[in-house]
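Here are a few exercises on pockets and the helices around them. Grab the viewer and work through them in order.

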Amino acid sequence: RREHSAVELERKLIQNHPELEGSERRALIKELTALGYQSDDRFAEMLVRSRLLKGHGRRRIEAELQTHGIDAEAAQIHFEEVEETESSRAIEALQKWSKSKQSPTREQALRFLAGRGFQFSDATEAVNAIFR
């Protein structure tokens, strides 16, 4: 139904099939990868794309990739495929967020963007654009 990283598959195999030895799990995952059923690159592409659509910043996405055993450098190409800049995505996320608030402050907006994984410079630029 969705892509899974090799690390995620190994965690699921440990949980659902504890009788498998470590070498058996790794061999099974290696075979799935060789057959094209599992791909960390496809998983990274899916994760980057879906998180960007949700309005998450690059730092948060890179941290999530690391929890799945994927190096941020390996996913670099998927970030480069996106036409929007990080600051424009921060502005968009902040506009959407501020619509649901009665009287948001600059500090709340900065905390929101920091929690979403945007760098301070991009968050500041977005806050300055929205709170003129």
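Before starting, one term: a pocket here is an open set of grid points with protein on both sides within 12 Å along at least five of seven lines, and its lining residues have an atom within 4 Å of a point. Keep in mind that this is a predicted model.

**Exercise 1.** Work out which residues line the largest pocket and which helix gives the most to that lining.

*Solution.*
- Step 1: Start with the volume, which is about 230 Å³ for the largest pocket.
- Step 2: List the lining: Leu52, Leu53, Lys54, Gly55, Glu84, Arg89, Glu92, Ala93, Lys96, Trp97, Phe112 and Arg116.
- Step 3: Sort by helix. Both α3 (40-53) and α6 (86-99) supply at least two residues each, and α6 gives the most, with 5.
- Step 4: Sort by class, and you get 6 charged, 5 nonpolar and 1 polar.

**Exercise 2.** Do the second largest pocket in the same way: what lines it, and which helix has the largest share?

*Solution.*
- Step 1: The volume comes to about 150 Å³.
- Step 2: Around the second largest pocket sit Glu45, Val48, Arg49, Leu52, Leu53, His78, Glu81, Val82, Glu84 and Arg89.
- Step 3: Here α3 takes the largest share, with 5 residues.
- Step 4: The classes split into 5 charged, 4 nonpolar and 1 polar.

**Exercise 3.** Find the buried residues of α3 and explain why they lie on the same side of the helix.

*Solution.*
- Step 1: Check the span. With 14 residues, α3 reaches 20 Å from its first C-alpha to its last, close to the 20 Å expected at 1.5 Å a residue.
- Step 2: Pick out the buried residues, using the cut-off of under 20% relative accessible area. In α3 these are Phe43, Ala44, Leu47, Val48, Arg51 and Leu52.
- Step 3: They cover an arc of only 150 degrees around the axis, so they end up on the same side of α3.
- Step 4: The general rule behind this is that an α-helix has 3.6 residues a turn, so residues three or four places apart point the same way.
- Step 5: Now see what lies over them: the cover includes α1 (6-16), α4 (58-67), α5 (76-80) and α6.

**Exercise 4.** Take arginine 89: is it buried or exposed?

*Solution.*
- Step 1: Place arginine 89 in helix α6.
- Step 2: Its relative accessible area is 9%, so arginine 89 counts as buried.
- Step 3: Look for partners beyond four places in sequence, and arginine 89 turns out to be in contact with Leu52, Val82, Glu84 and Phe118.
- Step 4: Go back to the pockets. Arg89 is in the lining of the largest pocket, and Arg89 also lines the second largest pocket.

Terms used:
Residues are numbered from 1 along each chain as its sequence is written. This is a predicted model: local features need pLDDT of at least 70, side-chain atom pairs count only at pLDDT 80 or more; totals for chains, interfaces and linings use all residues. Side-chain values use heavy atoms; hydrogens and water are left out. On a 1 Å grid over the protein atoms alone, a cavity is a set of points where a 1.4 Å probe fits but cannot get out, and a pocket is an open set with protein on both sides within 12 Å along at least five of seven lines; lining residues have an atom within 4 Å of a point. Grid points are joined across faces, edges and corners, and a volume is the space filled by probe spheres set on the points. Helices (H or I, at least four residues) and strands (E, at least two) are DSSP runs, numbered from the N terminus. Ala, Val, Leu, Ile, Met, Phe, Trp, Tyr, Cys and Pro count as nonpolar, Asp, Glu, Lys and Arg as charged, and the others, Gly among them, as polar. The expected span of a helix is 1.5 Å times one less than its number of residues. Buried means under 20% relative accessible area, exposed over 50%, partly exposed in between (1.4 Å probe, protein chains only). The arc is that of the directions from the helix axis to the C-beta atoms. Contact means heavy atoms within 4.5 Å.
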